[in-house]
Amino acid sequence: MTEGGRSLWEVYDSEVPPWKRGRTILSCIALSHFVLQCLLALAFVLDGSAARVSAFGFAAVIFWLLFYFVWIGVAWLRWLWGIWNLATGFCLLIWAWRDLSELETLFGTMNMVIGVYLFSPSVYFFARRQKETTHWKEALLFA
């Protein structure tokens, strides 16, 4: 028995289902990434760095494409997406330390944290559940 006279099974059974945690994780990832991408794109445009703007644009398109596929239920793709985020986060950190850019440091760190968190079982359970219950309106909205 645990505190309050509840058994461990009752405590575990009353927790939030893993797929709901996965949905929350992916929603937080989308929101934070959108805000940070807007800030970083603005910083690159104001800096006048055409090479970085094009590299960032390519990375943003890949990110949202992978996000869409995981959201509609392609569970195995989260591994590729996690590796992609780890790689782009690492590259952004190297660029940030070379150029002493706080915004790139923040974005690179966020990418690496997101990349690691995509390997969690909660995201897998959410993607597996989405594959069973995705509606065309929801898929169109995220597309």
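Biologist: The crossing of H2 and H5 is left-handed; what makes a crossing left-handed?

Modeller: It's about which way one helix is turned: the near helix has to be anticlockwise from the far one by less than a right angle, and clockwise would make it right-handed. H2 and H5 cross in the left-handed way. Bear in mind that this is a predicted model, where local features need pLDDT of at least 70 and side-chain atom pairs pLDDT 80 or more, while totals for chains, interfaces and linings use all residues. Numbering starts from 1 along each chain as its sequence is written, and side-chain values use heavy atoms, leaving out hydrogens and water.

Biologist: What makes H2 and H5 helices in the first place?

Modeller: Helices are DSSP runs of H or I with at least four residues (strands are E, at least two), numbered from the N terminus.

Biologist: Why is H2 called roughly antiparallel to H5?

Modeller: Their packing angle is about 155°, and the axes lie 10 Å apart. H2 is therefore roughly antiparallel to H5, because the label goes to angles over 145 degrees (under 35 is roughly parallel, 65 to 115 roughly perpendicular, the rest oblique). Axes are lines fitted to C-alpha atoms, for helices over the stretch in contact, and angles run from 0 to 180 degrees between N-to-C directions.

Biologist: How do you know that H2 and H3 are roughly antiparallel?

Modeller: Those two pack at about 165°, with axes 11 Å apart. That value makes H2 roughly antiparallel to H3. H2 also passes H3 in a left-handed crossing.

Biologist: Which residues of H2 meet H3?

Modeller: Among them are Phe34, Leu40 and Phe44 in H2, with Phe56, Phe63 and Trp64 in H3 on the other side. By class, this contact has 16 nonpolar, three polar and two charged residues. Contact means heavy atoms within 4.5 Å. Nonpolar covers Ala, Val, Leu, Ile, Met, Phe, Trp, Tyr, Cys and Pro; Asp, Glu, Lys and Arg are charged, and the others, including Gly, are polar.

Biologist: What makes H3 and H4 roughly antiparallel?

Modeller: Their axes come within 10 Å and cross at roughly 155°. So H3 is roughly antiparallel to H4.

Biologist: Why is a space called a pocket rather than a cavity?

Modeller: On a 1 Å grid over the protein atoms alone, a cavity holds points where a 1.4 Å probe fits but cannot get out, while a pocket is open, with protein on both sides within 12 Å along at least five of seven lines. The largest pocket has about 210 Å³ of space. Of its 18 lining residues, Ala55, Phe56, Ala59, Thr88 and Leu92 are the closest to the centre. Lining means an atom within 4 Å of a point. The volume is the space filled by probe spheres set on the points, which are joined across faces, edges and corners. H3 gives the largest share of that lining, seven residues.
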